[in-house]
Amino acid sequence: MVNLRIDPAPPKVSEPKRVAYVRNPGIEFTSARIMPIRLNHYAATARVATMLARRTVKGNAQTAWLAKAITCIDLTTLAGDDTAGRIKRLCAKARRPLRAELEKLLGLDVPLCCGAICVYPRQVKLAVEQLSGSEIPVAAVATGFPAGQIPHQLKLREIKAAVRAGAREIDVVVTREYALAGQWRKLYDEVAAFREACGPAHLKVILATGDLGTLRIVAAAAQVAMMAGADFIKTSTGKERQNATLPVALIMARAIRDYEQDTGYKVGFKPAGGVSTAKAAIAYQIMMREELGRPWLEPELFRIGASTLLGDIERQLEHRLTGSYSAAHRHPLA
């Protein structure tokens, strides 16, 4: 249940100790985890609507939830005109996402920081240098992001190059053709090879759900990715015609829940693409809390891929703490 208690003063927010979970090592491929899947799109949509209608976060509880959301943001820049200056500004923002006066009003024990920054492989080395001394990991997109239409061996080389440069997380794209054609063993083998190439770096598998057509294919692809050793499953590249949606997130969250119940391994979830408002971030947090439980509100198991979300959260926090909305230019980002 979401705590709706409203304190008379702004909450004192402190970061809990990071919890180290046993990584999902993957399991042997079995079609028994795929074939029985049956889904009802209308039922999923109705579940999302009723969940958000019944659960709400207000007052100082909303302030605390938004502060927590900041720690789960993968602050992202994946543009063709990325420059060294932009990467440096992004890293500085990830280190100190809020202005000092807002941190003081929040009563933070320690300054907040973002969950990670996400860049192209050629920017990894610079990002690692800029984040030296912090615990913020660098995530790199790989495997021919966003389309994934490059030879398999080049995908593996790109992953290994990003890891050598210092990336601690790798966001890979899968070959959508395998999922669309029901070639699940091929998809499993591809993701398993990605996991091996990642070595110690965590593997975040982008399903590109906007390209998969049906919720059943999304659910099956999620199961295959987890069987193959994914540490996270992620909705989108942010480049599809349709990116993260709550019904898709619900299906992926339930796939994660089923996998944990059957294997004992926790897998993280990352919505990406179109999550640009504080309201949307809280909706995903509510879903994680309802479907998967409290651990999935922490950055070890929940991330939001975003480039503009942080600015809106800052503006909402400033309104909550001061009673006034600030202009967007007061919250600069790369």
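Let's start at A208, a residue that counts as buried because its relative accessibility is 0%. What you have in front of you is a predicted model, and A208 is a good place to enter it. Look for this alanine in the loop between β5 (202–206) and α9 (215–227). Its backbone deserves a glance too: phi of A208 is near 50 degrees, a positive value in a residue other than glycine. As background, most residues other than glycine have a negative phi, and most peptide bonds are trans.

With that in mind, move on to another loop, the one between β3 and α6, where T143 is found. T143 is not a glycine either, yet it has a positive phi of about 60 degrees. Is T143 buried or exposed? At 0% relative accessibility, T143 counts as buried. Stay in this part of the chain for a moment, since P146 also lies in the loop between β3 (138–142) and α6 (152–165). Here the peptide bond itself is the point of interest: F145 and P146 are joined by a cis bond, with omega at about 0 degrees.

Now let's turn from loops to helices. Helix α1 (residues 41–54) packs against helix α10 (residues 246–263), with the two axes 9 Å apart and at an angle of about 95 degrees. That angle makes α1 roughly perpendicular to α10, because values from 65 to 115 degrees fall in that class. Which residues of the two helices make the contact? From α1 come A44, T45, R47, V48, M51 and L52, while α10 contributes L246, P247, L250, I251 and R254. By character, the residues of this contact divide into eight nonpolar, one polar and two charged.

The charged side chains are our next stop. How many salt bridges does the model hold? The count comes to 29, taking a side-chain nitrogen of Lys or Arg within 4 Å of a carboxyl oxygen of Asp or Glu as the criterion. One of them is formed by K68 and E298, whose side chains meet at 2.9 Å, N to O. This pair links distant parts of the chain, 230 residues apart: K68 sits in helix α2 (residues 59–70), and E298 in the loop between α11 (278–291) and β8 (304–306). K68 counts as buried because its relative accessibility is 12%, and E298 is likewise buried, with a relative accessible area of 12%.

A second salt bridge joins the side chains of E103 and R96, at 2.6 Å from N to O. E103 is buried, with a relative accessible area of 10%, whereas R96 counts as partly exposed at 41% relative accessibility.

R99 and E318 form a further salt bridge, at 3.0 Å, N to O. Where do the two partners sit along the chain? R99 is in the loop between α3 (84–95) and α4 (100–106), and E318 is in helix α12 (residues 309–322), so that the pair links parts of the chain 219 residues apart. Both R99 and E318 are buried.

Finally, salt bridges that share partners join several residues into one network: R47, R54, R55, R254, R257, E290 and E291. Two of these names may look familiar, since R47 of α1 and R254 of α10 also take part in the helix contact described above.

Terms used: Residues numbered from 1 in each chain as written. Predicted model: local features only at pLDDT ≥ 70, side-chain atom pairs only at ≥ 80, totals over all residues. Heavy atoms only, no water. Axes fitted to C-alpha atoms, helices over the stretch in contact; angles between N-to-C directions. Helix = DSSP H or I, 4+ residues; strand = E, 2+ residues; numbered from the N terminus. Parallel < 35°, antiparallel > 145°, perpendicular 65-115°, else oblique. Contact = heavy atoms within 4.5 Å. Nonpolar A, V, L, I, M, F, W, Y, C, P; charged D, E, K, R; others polar. Buried < 20%, exposed > 50% of the residue type's maximum accessible area, 1.4 Å probe, protein only.
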